[in-house]
Amino acid sequence: MGKEMESPKEQSSYTVEQLVAANPFNPEILPDLENYVNEQVTSQTYSLDANLCLLRLYQFEPERMNTHVVARILIKALMAMPAPDFSLCLFLIPERVQMEEQFKSLIVLSHYLETGRFQQFWDEAAKNRHILIETVPGFEQAIQAYATHLLSLSYQKVPRSVLSEAVNRDGASLDKFIEHQVTNSGWIVEKEDGSIVLPQNEFNHPELKKNTGENVPLEHIARIFPILG
């Protein structure tokens, strides 16, 4: 059995994380968790554990489900990519809810991100700008960070046009974005064609790895043959 929940007056001195840890299956903490989702949006913070707890409670209290809050949870999960948070949250959302238009759009956006189809992603995001970019601070920046992360795994040198499509910027806005990355992430801009040289990592600069196992001397192998015979 879970621990007994304190009275509302006593609960006020606890953080949401502490309330979740004390009794994650008590529906009395639903309002606190819902308020916390909205707080995550306004303060640009994130707590996957608290959000998953809320979605689990909705499974036990389906009549109390707030789809506006659920949508915000999924948007924050999208912003956490490449972590698999979106799939973890979606698993706890009933199929009937997933069929609502706003959730179908978020699922499509997730698919575009997972497959690196950024042009399609930004086009779809523009159709839902009122629930994404305009109401969730930091959404655009979080996706741009994911896009540059994905590019860094695939490219040693990325053409300016490819970067522009991935981060949905062009002209002076793209120049400012690149300048920030040059200063803070070690990017180098080539003078000839404006391509961006990305910092080396184990994915965009693969090297043949030497066999770390010990080499077996030839004479030792020769001794094995009589045994095998």
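## What covers helix α3?

What covers the buried residues of α3? The cover includes α2 (16-22), α4 (48-60) and α5 (67-79). Keep in mind as you look around that this is a predicted model.

Now for the helix itself. α3 takes in residues 30-43, which makes 14 residues. From its first C-alpha to its last it reaches 20 Å, close to the 20 Å expected at 1.5 Å a residue. Its buried residues are Leu30, Leu33, Glu34, Tyr36, Val37, Gln40 and Val41. They cover an arc of only 155° around the axis, so they sit on the same side of α3. Here's a handy rule to go with that: an α-helix has 3.6 residues a turn, so residues three or four places apart point the same way.

On the face turned away from that buried side, α3 carries the exposed residues Asn35 and Thr42. Right after the helix comes glutamine 44, with a positive phi near 55°.

## The whole protein

Let's zoom out. The protein has 13 helices and 3 strands. It has 229 residues, and 38% of them count as buried. Its accessible surface comes to about 14000 Å², and carbon and sulfur atoms hold 53% of that.

How much of the contact network links residues 24 or more positions apart? Among contacts with a separation of 6 or more, such pairs account for 54%.

## Helix α12, one face in and one face out

Further along the chain is α12, which covers residues 171-185. With 15 residues at 1.5 Å each step, it should span 21 Å, and its end C-alpha atoms are 20 Å apart, which agrees. Which residues of α12 are buried? They are Leu174, Phe177, Ile178 and Gln181. Looking down the axis of α12, you'd find these buried residues within an arc of 95°, so they line one face of the helix.

What do they pack against? The partners are α10 (139-154), α11 (160-167), β2 (188-189) and β3 (196-197). Flip to the face turned away from the buried side, and you meet the exposed residues Ala172, Lys176, Glu179, Thr183 and Asn184. After α12 comes glycine 186, whose phi is positive, near 80°.

## A sheet of three strands

Two of the strands that α12 packs against, β2 and β3, also belong to an open sheet of 3 strands. Its order is β1-β3-β2, and the pairing is antiparallel. The edge strands are β1 (157-158) and β2, since each pairs on one side only.

In general, strands of a sheet pair through backbone hydrogen bonds, either parallel or antiparallel. Here β1 and β3 pair in the antiparallel sense over 2 bridges. For an example, find lysine 157: its bridge partner in β3 is valine 197.

## Tucked-away residues

Is serine 110 buried or exposed? Its relative accessible area is 3%, and the cut-off for buried is under 20%, so serine 110 is buried. You'll find serine 110 in helix α8 (residues 101-114). Leaving aside neighbours within four places in sequence, serine 110 is in contact with Leu78 and Phe86.

Two cysteines are worth a look too. Cysteine 53 is buried, with a relative accessible area of 0%. Cysteine 89 also counts as buried, at 0% relative accessibility. A disulfide is a covalent bond between the sulfur atoms of two cysteines. How many disulfides are there in this model? With a cut-off of 2.5 Å between cysteine sulfur atoms, the count comes to 0.

Key
Residues numbered from 1 in each chain as written. Predicted model: local features only at pLDDT ≥ 70, side-chain atom pairs only at ≥ 80, totals over all residues. Heavy atoms only, no water. Helix = DSSP H or I, 4+ residues; strand = E, 2+ residues; numbered from the N terminus. Expected span 1.5 Å × (residues − 1). Buried < 20%, exposed > 50% of the residue type's maximum accessible area, 1.4 Å probe, protein only. Arc of directions from axis to C-beta. Contact = heavy atoms within 4.5 Å. Areas by Shrake-Rupley, 256 points an atom, 1.4 Å probe, with all protein chains shown as cover. Pairing = 2+ DSSP bridges.
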